[in-house]
Amino acid sequence: MQHHDLLVVGSANADLVIGVERRPAPGETVLGSDLAVHPGGKGANQAVAAARLGARTALLARVGDDAHGRLLLESQRAAGVDTDGILVGGAPTGVALITVDPSGDNSIVVSPGANARLTPEDIRAARDLLGAARVVSVQLEIPLETVAEVVRTLPAGTRLVLNPSPPAPLPAQVLAACDPLVVNEHEARFMLGGSAGQDPQDWARGLLRLGPRSVVITLGAAGALVADDRTDTCARVPSPRVDAVDTTGAGDAFTAALGWRLSLGDDLTTAAGFAVRVGAAAVTGKGAQQSFPTIEELGAA
Ligand code: ADP
């Protein structure tokens, strides 16, 4: 078994994008632009982001035995991701149907497809892959019971990075394994319920009380906040200033970069200092995976 810096366990989707002048009302048909098809899904995005930076990366995911599945496999391979952990079949590849109106607002329908068929049994069968990674990164576009099985299967000494997106209540055992829990502002507010307030430092304290070992809150152009009681850390990490073109995938690029640097032994603040540069670079280009920087591009940025 090949060793990896980062194993991403998560979703792989085909993003089907059509530009429209306005959205159809019920029963109505509108004409849109030519269809654009992009590889996406949080798991696939993170794996590509890490591999483009030079991380030894693997993806554990499920796609359908169809053209979208082949597109996903091909884009992972092209980025340098180890695709041995990508399972094929059981349902059509997950799809996000995205309409974009002239103001840039998206309306999205997601069909989870094969992502919903990534089962706890699949995780147990991939025990060797989980054991061969220093850091494992998961999100919530796969079943929660599958995420819980990742936590149960994780060998001691393997670090878990979890981004609860889309946000959902997490079992205590899952929360307790997060090191760190990575959230954006929206996810932080969801997890804190009504008790959020306005100050990100309060959010960090509140999130730590939920049980994760450490917390990272991404704050868009303002960068990130990292918190870890074990080292008495609560630090702001500013993002480089850039001209933002498209923020799609910025959080995925950030989390992948963070996980990779943690696998190399960086402390949380140093890893976040690297990750904000990757997130900032990702917002300067259109789309998700196509905007993720290589390590050379990052150096020039
Ligand atoms: P998400 O994409 O999950 O909503 P954020 O918007 O917080 O997450 O962005 C994640 C990271 O991407 C930020 O921590 C930052 O490094 C970078 N980023 C996002 N938006 C901008 C921006 N407008 N300018 C510079 N960096 C940005």
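Reader: How do you know that a polar side-chain atom of Thr-218 makes a polar contact with the ligand?

Author: In this predicted model, that atom is 2.8 Å away from an oxygen atom of the ligand. A polar contact is a pair of N or O atoms within 3.5 Å, so the pair qualifies.

Reader: Which backbone atoms lie at such distances from an oxygen atom of the ligand?

Author: For Gly-251, a backbone N or O atom is 3.1 Å from a ligand oxygen. For Val-276, a polar backbone atom is 3.2 Å from a ligand oxygen. With the cut-off at 3.5 Å, both pairs therefore count as polar contacts.

Reader: Which residues around the ligand come nearest?

Author: There are 17 residues around the ligand, and the nearest are Thr-218, Gly-220, Gly-223, Ser-239 and Gly-251.

Reader: What makes S12 and S13 a pair of strands?

Author: Pairing takes at least two bridges. Strand S12 (residues 224-228) and strand S13 (residues 233-237) are joined by five, so they pair. The two run antiparallel, and Ala-224 has Val-237 of S13 as its bridge partner. They form a hairpin, with four residues in between. In the turn, Asp-232 has a positive phi of about 55°.

Reader: Why are S3 and S7 called edges of their sheet?

Author: The sheet is open, with four strands in the order S3-S2-S6-S7 and mixed pairing. Strand S3 (36-40) and strand S7 (106-111) each have a single partner strand, so one side of each has no neighbour in the sheet. On average, neighbouring strands here are turned by 20° against each other, direction ignored.

Reader: How do you know that S2 pairs with S3?

Author: Five bridges link S3 to strand S2 (residues 13-19), and two are enough, so they count as paired. These strands run antiparallel, with Asn-13 opposite Gly-40 in S3. Helix H2 (residues 67-79) lies across S2, S3 and strand S6 (94-100), at about 60° to S3.

Reader: How do helix H9 and helix H10 cross?

Author: The axes of H9 (residues 250-263) and H10 (residues 268-282) come within 8 Å and cross at roughly 145°. The crossing is right-handed. The residues making the contact include Phe-254 and Trp-260 of H9, and Phe-274 and Val-278 of H10.

Reader: What kinds of residues does the contact of H9 with H10 divide into?

Author: They are 15 nonpolar, one polar and one charged. Gly counts as polar and Arg as charged, so Gly-279 of H10 is the polar residue and Arg-261 of H9 the charged one.

Methods:
Residues are numbered from 1 along each chain as its sequence is written. This is a predicted model: local features need pLDDT of at least 70, side-chain atom pairs count only at pLDDT 80 or more; totals for chains, interfaces and linings use all residues. Side-chain values use heavy atoms; hydrogens and water are left out. Axes are lines fitted to C-alpha atoms, for helices over the stretch in contact, and angles run from 0 to 180 degrees between N-to-C directions. A crossing is left-handed if the near helix is turned anticlockwise from the far one by less than a right angle, and right-handed if clockwise. Contact means heavy atoms within 4.5 Å. A residue is near a molecule or strand if one of its heavy atoms lies within 4 Å of it. A polar contact is a pair of N or O atoms within 3.5 Å; within protein, one must be able to donate a hydrogen and the other to accept it, and residues adjacent in sequence count only if both atoms are side-chain atoms.
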